[in-house]
Amino acid sequence: MKAFRSKFEFRLRTLRELFEGKINAMRKFNREQFEYSTNRLDKLESDIEKEVQDRIEETDEIMNETQTTLTSK
């Protein structure tokens, strides 16, 4: 009976360590993916902001050219 209990406790400990290892690996992966996603979102927001600013500047230039053309005639 003592041998059975010892073997059982050993296997239980081994499974617990394996399970904890998998949980820790999953947590690490999730943290890395969250950081990657956060960085990607920040870059996309920055790119969108730059695109909006570029279009505003382009529109202002076109409007100024059009106004200049209209007022010079």
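Let me start with Glu-20, which is partly exposed, with a relative accessible area of 39%, and please keep in mind throughout that what we are looking at is a predicted model. The partner of Glu-20 is Arg-16, and the two form a salt bridge in which the closest N and O atoms are 3.8 Å apart, a value that still falls within the 4 Å cut-off used for calling such a contact. Arg-16 is likewise classed as partly exposed, at 46% relative accessibility. Because Arg-16 and Glu-20 are four residues apart in helix 1, about one helical turn separates them.

How many salt bridges does a search of the whole structure find? The search finds six, and I would like to go through two others from that set besides the one I have just described.

The next pair is Glu-9 with Arg-5, whose side chains meet in a salt bridge at 3.1 Å, taken from N to O. Here too the two residues are four apart in helix 1, so that Glu-9 and Arg-5 are separated by about one helical turn. As for their surroundings, Arg-5 has a relative accessible area of 55% and is therefore exposed, since the class begins over 50%, whereas Glu-9, with 36%, is partly exposed.

Further along the chain, Asp-54 and Lys-50 bring their side chains together in a salt bridge of 3.0 Å, again N to O. Both residues lie in helix 1, with a spacing of four residues, or about one turn of the helix. Lys-50 is exposed, its relative accessible area being 51%, while Asp-54 is partly exposed at 32%.

Let me now turn from paired charges to a group of like charges. Which residues gather in a patch of negative charge on the surface? They are Glu-57, Glu-58, Asp-60, Glu-61 and Glu-65. Taking Glu-58 as one of them, we find this residue in helix 1, which covers residues 2-71. Why does Glu-58 count as partly exposed? The reason is that its relative accessibility is 47%, and partly exposed is the class between under 20%, which is buried, and over 50%, which is exposed.

A last word on how Asp-54 and Glu-58 are treated, as both are acidic residues that count as negative. Asp-54 meets Lys-50 in a salt bridge, whereas Glu-58 belongs to the negative patch, and patches are made of residues that have no salt bridge and over 30% relative accessible area. Asp-54, at 32%, is therefore kept out of any patch by its salt bridge, given that rule.

Note on methods
Residues numbered from 1 in each chain as written. Predicted model: local features only at pLDDT ≥ 70, side-chain atom pairs only at ≥ 80, totals over all residues. Heavy atoms only, no water. Patch = residues over 30% accessible without salt bridge, like charges linked within 9 Å, V, L, I, M, F, W, Y side chains within 5 Å. Areas by Shrake-Rupley, 256 points an atom, 1.4 Å probe, with all protein chains shown as cover. Charge placed at Lys NZ, Arg CZ, Asp CG, Glu CD. Buried < 20%, exposed > 50% of the residue type's maximum accessible area, 1.4 Å probe, protein only.
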